[in-house]
Amino acid sequence: MRLHKHKTFKTGGIHPHDNKLSSQVAITPLPLPKMVTIPIIQHIGAPAKIVVNRGDMIKTGQIIATHEGFVSSNIHASVSGRVGVIEEVMDSTGFKHMAINIRVKGDDWEESIDRSDTLIEEIKLTPKEIVSRIMEAGVVGMGGAAFPSHVKLSVPEGKHVDHLLINGVECEPYLTADHRVMLEKPKEIIVGIKILMKALGVQKAIIGIEDNKADAIEIFQQLLKNEKHIGVEALEVQYPQGGEKQLIQALLNREVPSGGLPADVGVIVHNVGTTYAVYEAVQKNKPLIERVVTVTGKSVKQPSNFLVRIGTPVIDLLIAAGGVPEDTGKIVSGGPMMGKAIADLDVPVAKGTSGILLIPKDEASRSEVYNCVHCGKCIEACPMGLEPYRLLIMSKKGNSKRAKEEHILDCIECGSCSFVCPSNRPILDYIRLGKTQLKKQKSV
Amino acid sequence: MSEGLLTVSPSPHIHTDLTVPQIMRGVIIAMIPALLFSVYNFGLGAVYVTLLAILFCVVIEYAIARYLLKRPASIYDGSAIITGMLLAFNVPSNLPWHIILIGSAVAIGIGKMSFGGLGNNPFNPALVGRVFLLLSFPVEMTSWPTAGATWSLDGVTGATPLGILKDGLRAGDSVPDIMNQMPSYTDFFFGLQGGSLGEMSAFAILLGLMYMLYRKIITWHIPVSMLATILLMTGIFWLLDPTRFANPLFHLLTGGIMLGAVFMATDYVTSPFTHRGMLVFGVGIGVLTVVIRLFGSYPEGVSFAILIMNAFVPLINSYTKQPRYGSKSQRHKAYQEKLEKEVKATP
């Protein structure tokens, strides 16, 4: 038994079974697909502007859509070949967005991209150049939210940032993509951290990793033995520790004010996958065109971690993992707590797709709903310290003003309340409804 | 994948196993040791009263839901079974059937369904039924068959240890003298004493508590704070005057304290939300119980104490809210200044 408990966040939290089925499966590159569909909006912010035409021959890594405004992101071709139709397709959010089809021909990369495995440790670029390189490469947060990374690195005037936190928590059950990247690319991640530190001008960085990934913690402890400015911290397993606000509370005991940003308390958080992408963008000049995706589920034949080109249809990943099991009732893009259920198998992998989870039929639908028994479990679970059962009632009654006073907008939609509710009440569904009502009122 | 379509629903896509029917089943299992002990003590009477109470509660809830409220029967969640069992646990094992029927009707009809059924009742339904019976049928409700009586429906009746104590004190006897007439503490612990059906054995109830804690159905907060308060308060009085006040162990092991702390006060519906609130609630019940026991005219006060504290739950809830994330940085200037310094101090 450990003598001290590892750190964790203090407000709320739950302990679902972690089911990390694929944590010992090495990352394997998925064979090139025949065709990719690349949506022009895979990030938070404005859609990118398409700069190619149907019939163009393009190379892997070539830019195909440029960012529109600051909060947006470049999109690059993830394969080489001929541009096909440019039309609206349904992506993993369930909405239709413009997307560029590319028929794959060979694998002809842009010459400027360094595809070798050599580790480049020396950081030659200035902070400004780093940020613009990251922006050019279309790097976005790869933990799921897909917020453009260059925006996070441009700290607003008047705010002083003293800590860079690297999020290696991966608190979503089942997912192992970040875990595998940490095991297989730790040196690159450390260089990535140094790049981010240089860009932000901070002297301290901490990698937070949950203690169900002891092997990853050990690797970083070994590699960081002589580093004074970068630390690694083991965290007690608790969902949703990978939430930015929760990670800040866990590692630094600081709390981001309601409606504020991490920079308000002197912190910037980046995911480990993003940090690796930053390394590749800055040191190898490689844009974000592929990512690690976990394919998993209780009935999946070979739970796997694939290196996948952006735009690859989900069905290709499922076939590579041994096919879709008989009993599949639901397919989720992302983790079981915050992922989105997808309706068909042609949905493309996007920059924020961390996993594909197959849920068996018997777990796919919700059970009978009972009256609220006032057990208080949702209140104890809420990592933002809200009262979810009351937010449900207010949203149901359309009383969004009261809901706003009860800080409904602080909700991070982690799903802990719905998870623990013994009466199976659709708490988060109604909270989302309440938030939408508020947004509508604002726009009127 | 077979021909069926995929389910598409919003997150989260997984759910805890601990759902309402699971919880109710867990509570029922946790009550079984206490039930077995009372069968051992009182024979068939215990079985008869328990089964009747469960039957009445379930049938009454079904009838009210179906014919009065005209909504689907709500009996499948198992909560009516628990109310029935708890009501039975709180009455003597020789109670006539018509009194059980009245108790069940008050518990389910007034205590629970009149507020809208499961989850909406402010007071613990079984206790509402019990207290109604205690006030309406004081004789029948306080003539307890003696423990270890024969396996027949009409045993010898006698007073509970608490009753003996109260009567003895009224007659002017000192506590040590009264104690000489009582069974030993081991007998109390294992349930060889007079009293209501399910409150006999602290040991059996503790087994149930352990099971519920293990299954994470309840947390330790209410039982521990309530028992600790009672221990502390009765302890202080006992130290002040051992001839007038019984010792704390006697109080803990007799009457309905154990049953109340483990099964009645921990009812989700009628207890506070947060752990802090639960501690306040438990302490409140403890104080009221001791006050009633030591200074009231009733020998026992747990039921009243729990019902009174039930009424305070909304108030407790509004004073023991979970601290909101981020409130620290917004409310306290000092924290903000400290943070600023911390940020600036880091090179």
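**Close-up views of a two-chain model**

Chain A has 14 helices and 17 strands. The structure is a predicted model, and its scores are ipTM 0.87 and pTM 0.89. The legends below start with chain A as a whole and then step in to a helix, the contact with chain B, and a stretch of chain B.

**Figure 1. The overall form of chain A.** Let us begin with the whole chain. Along its principal axes, the C-alpha trace of chain A spans about 65 × 50 × 50 Å. A compact globule with 444 residues would have a radius of gyration near 22 Å, and chain A agrees with this because its own value is 21 Å. Of its 444 residues, 55% count as buried. How do the contacts in chain A spread along the sequence? If you take those between residues at least 6 apart in sequence, 73% join residues at least 24 apart.

**Figure 2. Helix α6 of chain A and what covers it.** This helix runs over residues 244-252 of chain A and is mostly covered, with 9 of its 9 residues buried. To find them in the view, start at E244(A), K245(A) and Q246(A), go on through L247(A), I248(A) and Q249(A), and finish with A250(A), L251(A) and L252(A). Which strands help to cover the buried residues of α6(A)? The cover includes four strands of chain A: β9 (163-168), β10 (204-210), β11 (230-235) and β12 (267-271). Just after the helix comes N253(A), whose phi is positive, near 55 degrees.

**Figure 3. Where chain A meets chain B.** The contact takes 58 residues from chain A and 38 residues from chain B. On the side of chain A that touches chain B, the elements giving two or more residues are the strands β15 (328-333) and β16 (340-342), together with the helices α10 (377-381), α13 (416-420) and α14 (427-443). Which of these elements gives the most? That is β15(A), with 5 residues. Sorted by class, this side of chain A has 26 nonpolar, 19 polar and 13 charged residues.

**Figure 4. A stretch of chain B to read with care.** Chain B averages a pLDDT of 86, and 89% of the residues score at least 70. Where does pLDDT stay under 50 in chain B? Look at residues 149-155, for which the model has 15 contacts beyond four places in sequence. Where pLDDT is low, the predicted coordinates should not be read in detail.

Technical notes:
Residues are numbered from 1 along each chain as its sequence is written. Chains are lettered from A and ligands numbered from 1 in the order in which they are written. This is a predicted model: local features need pLDDT of at least 70, side-chain atom pairs count only at pLDDT 80 or more; totals for chains, interfaces and linings use all residues. pLDDT is the predictor's confidence in each residue, from 0 to 100. Two residues are in contact if their C-beta atoms, placed from the backbone, lie within 7 Å. A residue is buried if 20 or more other C-beta atoms lie within 10 Å of its own, exposed if 12 or fewer, and partly exposed in between; C-beta atoms are placed from the backbone. Ala, Val, Leu, Ile, Met, Phe, Trp, Tyr, Cys and Pro count as nonpolar, Asp, Glu, Lys and Arg as charged, and the others, Gly among them, as polar. The radius of gyration is taken over C-alpha atoms; the globule rule is 2.2 Å times the number of residues to the power 0.38.
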